[in-house]
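Work through the exercises below with the model open. Try each task before you read its solution.

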Amino acid sequence: MKIKELLQSDRVTVSCEIFPPKAGADISRIDAIVQKIAALHPNFISVTYGAGGSTSKRTLEIATKIQNTYHIPALAHLTCVSSTKEDISSMLDKMKENGIENILALRGDIPQDSDFPSPVQYHYASELIQDIKAQGDFCIGGACYPEGHVECEHKEDDIDFLKRKVDCGCDFLTTQMFFDNNVLYHFLYRVLSKKINVPIVAGVMPVINSRQIKRSCELSGTALPPRFKAIADKFSDKPKAMKQAGIAYATEQIIDLISNGVNHIHLYTMNNPEIAAEIMGNLSAIIRDEEV
Ligand code: FAD
């Protein structure tokens, strides 16, 4: 099933994310994680792609298993920063052979020691999207950044490039994590003002390790609002308390999003089915739209 069809409806959707193990690592652990996440019945499961290419085969393998074994739509990520156009073309053929219909098309982070871009490489995700579009009947997602992408000096330019990316054939967008919903609401106004009309899936990161999150926020340019920072500081040395507070924060964030009409939520599950299960349990009546 194409994810754009799921996102057309006003019903709440919740998706989860899996990242493949490193090459050589035990695949049975990820099988168990996929099984537990599938048991939560998310609307789709996305599978990340190592920009360096090291885990790329695993992305396809796991995405195929999600569809064939659990009958849940899979969203296979695909980055182009370390690939030639030929590599991408052959990966798209393999995706077609395996029945993968949904691709999250990304550039990936530029490796520090590379001579990027070489003449045979892609510069931006928009070029990848054009090629995917030309090579098959895929549903294509793209990434967006409510606080602006770190490389882009001016947010206005970032939104203009986003518009260009969508015009190249994006069917939906998924956001980078954010911890202040007002940041997302302001972004949605700016997106609408540029006539970007595709569905936007809000990426929510449940935080269970405060040090790790501070580091990844620094790298991605994501702001930590004072309310969240107080929690992260208070519980940084108390893993159980941090986990509980992180789950409560993400739950509240999602309730606020859904209450304000943001119906499509992507949980950055970080291969942690227990956290996803707790959050989805907290929201059970909300996400299943139950009459009480
Ligand atoms: P692009 O859309 O190409 O944008 C990159 C930069 O170029 C931006 O600053 C943009 O403003 C600028 N730009 C775009 N077009 C132009 C233009 N025409 N001229 C000048 N500047 C331009 N990384 C992984 O390695 N694997 C994953 O699986 C993965 N999954 C992700 C999932 C989500 C939901 C998100 C939000 C990010 C993910 N990433 C992943 C990280 C992503 O690869 C990085 O953020 C990367 O630096 C940018 O990728 P992009 O596709 O957004 O790039």
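The exercises cover the ligand site and then the helix packing of this predicted model.

**Exercise 1. The shell**

Task: Find how many residues surround the ligand, and name the closest.

Solution:
- Step 1. Collect every residue with a heavy atom within 4 Å of the ligand. The shell holds 24 residues.
- Step 2. Pick out the closest. They are Y49, D109, Y145, D158 and K165.
- Step 3. Sort the shell by residue class. It divides into 11 nonpolar, 7 polar and 6 charged residues.

**Exercise 2. Polar contacts and burial**

Task: State which atoms of R107, A125 and Y145 lie opposite ligand oxygen atoms, and give the distances.

Solution:
- Step 1. Start with the backbone. A polar backbone atom of R107 is 2.8 Å from an oxygen atom of the ligand.
- Step 2. Check A125. Here, too, a polar backbone atom is involved, 2.8 Å from an oxygen atom of the ligand.
- Step 3. Turn to the side chain of Y145. One of its N or O atoms is 2.7 Å from an oxygen atom of the ligand.
- Step 4. Add the surface. The ligand taken alone exposes 990 Å², and the protein buries 85% of that.

**Exercise 3. Elements around the ligand**

Task: Which elements give two or more residues to the shell around the ligand?

Solution:
- Step 1. List the strands. β3 (74-79) and β4 (102-106) qualify.
- Step 2. Add the helix, α6 (155-167).
- Step 3. Rank the shares. α6 gives the largest, with 4 residues.

**Exercise 4. From α6 to α7**

Task: Classify the packing of α6 against α7 (residues 181-193), and give the hand of the crossing.

Solution:
- Step 1. Take the axes. They come within 10 Å and cross at roughly 55 degrees.
- Step 2. Apply the cut-offs. Under 35 degrees would be roughly parallel, and 65 to 115 roughly perpendicular. The two helices are therefore oblique to each other.
- Step 3. Read the hand. α6 and α7 make a right-handed crossing.

**Exercise 5. Two further pairs**

Task: Repeat the analysis for α10 (residues 239-259) with α11 (residues 273-282), and for α4 (residues 85-97) with α5 (residues 125-135).

Solution:
- Step 1. The axes of α10 and α11 come within 10 Å, crossing at roughly 45 degrees. So α10 is oblique to α11.
- Step 2. Their crossing is right-handed.
- Step 3. α4 and α5 have axes 11 Å apart and pack at about 45 degrees. So α4 is oblique to α5.
- Step 4. α4 passes α5 with a right-handed crossing.

Note on methods:
Residues are numbered from 1 along each chain as its sequence is written. This is a predicted model: local features need pLDDT of at least 70, side-chain atom pairs count only at pLDDT 80 or more; totals for chains, interfaces and linings use all residues. Side-chain values use heavy atoms; hydrogens and water are left out. A polar contact is a pair of N or O atoms within 3.5 Å; within protein, one must be able to donate a hydrogen and the other to accept it, and residues adjacent in sequence count only if both atoms are side-chain atoms. Accessible areas come from the Shrake-Rupley method with a 1.4 Å probe; for residues, only the protein chains shown count as cover. Ala, Val, Leu, Ile, Met, Phe, Trp, Tyr, Cys and Pro count as nonpolar, Asp, Glu, Lys and Arg as charged, and the others, Gly among them, as polar. Axes are lines fitted to C-alpha atoms, for helices over the stretch in contact, and angles run from 0 to 180 degrees between N-to-C directions. Angles under 35 degrees count as roughly parallel, over 145 as roughly antiparallel, 65 to 115 as roughly perpendicular and the rest as oblique. A crossing is left-handed if the near helix is turned anticlockwise from the far one by less than a right angle, and right-handed if clockwise.
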